[in-house]
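Biologist: Before we discuss any packing, please put the model up, and then let us go through it question by question.

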Amino acid sequence: MRRLGDIVVDEALLEDARAGREPAQRALYETLAPATASLIRRLVGHRALAEDIFQDTMMIFFERLPEFRREAPLGAWLRRIAVTRCLMYLRSPWQRARLCLEPVDCGVAAEVAALITPGYTGELIDLERALATLTPTARAVVWMYEVEGYSHEEIAHEFGRSVSFSKSQLARAHQRLHNWFMSAEQRPTCSVI
Amino acid sequence: MQRDLEQPAALTHLLRELPDAAVPPYGWYEFKHRAAQHAVVRPARSATRALAALTVMAVLIVAVDLRVDPPTQQARWPQPVPRAALATREPSAVRGATTAAPGAGVAFSAARTEMLERWLASLPDNPALVQVGPRAAVTGLEDRLAQVDDLLTAERFEQARPAHLLALQQERRLLVSSLAQVRYAEELVDESR
């Protein structure tokens with residue numbers, strides 16, 4: 001997995017893109033978009049919505065690119081925009097209401113199909129299915145902590161919650177994932193795939 | 001997979017091993033196309049939001065206005081028991097009196113007085129049980145009303161001092177209103193027994 005925060009962009013390309021040259025912007029898009037889309041899809045879990053947030057994120061990215069001050073790598077800066085947009089969605093009352101209405105613990109959740117990356121097989125699909133059983137908040141915490149390398153303090157700050165919120169979400173998600181794999185043999189075959 | 005997750009760092013490793021999507025959800029030109037559409041939709045959305053905000057503000061102002069206005073009227077009416085229980089017995093004249101605007105014209109005031117008088121006339125002369133306090137107030141008001149009626153008859157006959165006549169009429173209206181309020185309170189107390 002190529003983390004968005006680790007992507008390094010050529011300085012000349014960045015300067016051209018900041019100057020508004022379309023070929024450079026296109027190259028930048030092609031470099032950053034796959035990891036950005038993956039990150040958003042992991043955090044949000046809903047393909048159509050992830051596309052909307054991806055579009056928003058990339059638009060904000062190009063709008064603010066001239067203001068980029070190189071205080072952090074470009075990928076980390078874009079990751080910050082993407083995570084903020086995703087958490088705005090996860091914190092919204094509409095989303096919370098939707099979550100209340102949807103079953104959380106369904107082995108073959110409707111979102112699984114959307115979450116599974118095309119081309120995955122075997123263990124990877126299992127892992128994707130396991131992730132899909134988590135609530136969006138728990139999944140976001142797991143992803144931010146385990147993959148993107150956020151600290152509990154940073155996650156708490158991003159969610160506007162306490163550090164113990166992040167820790168408890170992570171612990172419960174770990175337990176849930178562990179249980180998922182422990183009971184793998186008793187589960188029916190996934191018909192979505 | 002089962003064994004992997006039992007190790008503390010196994011989940012991190014597995015998640016980081018998940019490959020990115022090879023391509024972004026859509027290409028650069030589609031992104032540009034969608035961005036252009038957003039640019040068109042955005043002003044319309046902000047106009048709609050502004051309109052919605054204005055509507056909400058207008059509704060709030062009206063609601064606050066309605067909330068602030070009635071207490072000055074309702075404060076005149078003693079409410080010892082829930083009025084909803086007696087709503088069927090409450091004469092429409094009295095209900096009209098409680099919600100009447102304070103700045104209503106003389107014609108409205110006269111009509112209201114007339115309706116209150118009719119209602120008072122429809123009440124039995126003496127309630128089954130008499131409490132000295134309210135009864136003394138009723139008797140006092142009735143006496144004063146009779147006295148004002150005499151003075152009014154004399155003034156109408158002489159037609160010498162129109163200003164005095166108006167003052168007497170005004171006093172009579174207030175007396176009728178006060179009497180109606182006391183009798184209404186008396187009724188409520190009777191009902192609550």
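**Helix packing and cores**

Modeller: In this predicted model, the axes of helix 2 of chain A and helix 8 of chain A come within 7 Å of each other and cross at roughly 140°. Axes here are lines fitted to C-alpha atoms, for helices over the stretch in contact, and angles run from 0 to 180 degrees between N-to-C directions; helices (H or I, at least four residues) and strands (E, at least two) are DSSP runs numbered from the N terminus. As for conventions, residues are numbered from 1 along each chain as its sequence is written, while chains are lettered from A and ligands numbered from 1 in the order in which they are written. Because the model is predicted, local features need pLDDT of at least 70 and side-chain atom pairs count only at pLDDT 80 or more, whereas totals for chains, interfaces and linings use all residues.

Biologist: Are helix 2 of chain A and helix 8 of chain A parallel or oblique to each other?

Modeller: Angles under 35 degrees count as roughly parallel, over 145 as roughly antiparallel, 65 to 115 as roughly perpendicular, and the rest as oblique. The crossing angle of this pair is roughly 140°. Helix 2 of chain A and helix 8 of chain A are therefore oblique.

Biologist: How many charged residues does the contact of helix 2 of chain A with helix 8 of chain A have?

Modeller: Two residues are in contact if their C-beta atoms, placed from the backbone, lie within 7 Å, and here R42(A), L43(A) and V44(A) of helix 2 of chain A meet P136(A), R139(A), A140(A) and W143(A) of helix 8 of chain A. Ala, Val, Leu, Ile, Met, Phe, Trp, Tyr, Cys and Pro count as nonpolar, Asp, Glu, Lys and Arg as charged, and the others, Gly among them, as polar. By class, the contact of helix 2 of chain A with helix 8 of chain A has five nonpolar residues, no polar ones, and charged residues numbering two.

Biologist: How does helix 8 of chain A lie to helix 10 of chain A, roughly parallel or roughly perpendicular?

Modeller: Helix 8 (residues 136-147) and helix 10 (residues 163-182) of chain A pack with their axes 9 Å apart, at an angle of about 95°. That angle makes helix 8 of chain A, relative to helix 10 of chain A, roughly perpendicular.

Biologist: Which residues of helix 10 of chain A make the contact with helix 8 of chain A?

Modeller: By class, this contact has six nonpolar, three polar and one charged residues. Helix 8 of chain A brings T137(A), A138(A), V141(A), V142(A) and Y145(A), and helix 10 of chain A answers with S166(A), Q169(A), L170(A), R172(A) and A173(A).

Biologist: Which helix of chain A gives the most to the largest nonpolar core?

Modeller: A nonpolar core is a set of buried Ala, Val, Leu, Ile, Met, Phe, Trp, Tyr and Cys residues joined through C-beta atoms within 7 Å, where buried means 20 or more other C-beta atoms within 10 Å of a residue's own, exposed 12 or fewer, and partly exposed in between, with C-beta atoms placed from the backbone. Of the 44 residues in the largest core, I40(A), C86(A), V141(A) and M144(A) touch the most other members. Elements that each supply at least two residues include helix 3 (47-64) of chain A and helix 2 (10-17) of chain B. With ten residues, the element that gives the most is helix 2 of chain A.

Biologist: What is C86(A) in contact with, leaving aside its neighbours within four places in sequence?

Modeller: C86(A) is among the four residues that touch the most other members of the largest core. Its contacts beyond four places in sequence are I40(A), L43(A), V44(A), I53(A) and A140(A).

Biologist: Does V176(B) count as buried or exposed?

Modeller: V176(B) lies in helix 8 (residues 162-192) of chain B, and, residues up to four places away aside, touches T113(B), L116(B), E117(B) and L145(B). Since V176(B) has 21 C-beta neighbours inside 10 Å, it counts as buried.

Biologist: And is R70(A) buried or exposed?

Modeller: R70(A) is found in the loop between helix 3 and helix 4 of chain A, and its phi is near 65°, a positive value in a residue other than glycine. Because R70(A) has 9 C-beta neighbours inside 10 Å, it counts as exposed.

Biologist: What share of the 193 residues in chain A do buried residues make up?

Modeller: Chain A has ten helices and zero strands. Buried residues in chain A, out of 193, make up 33%.
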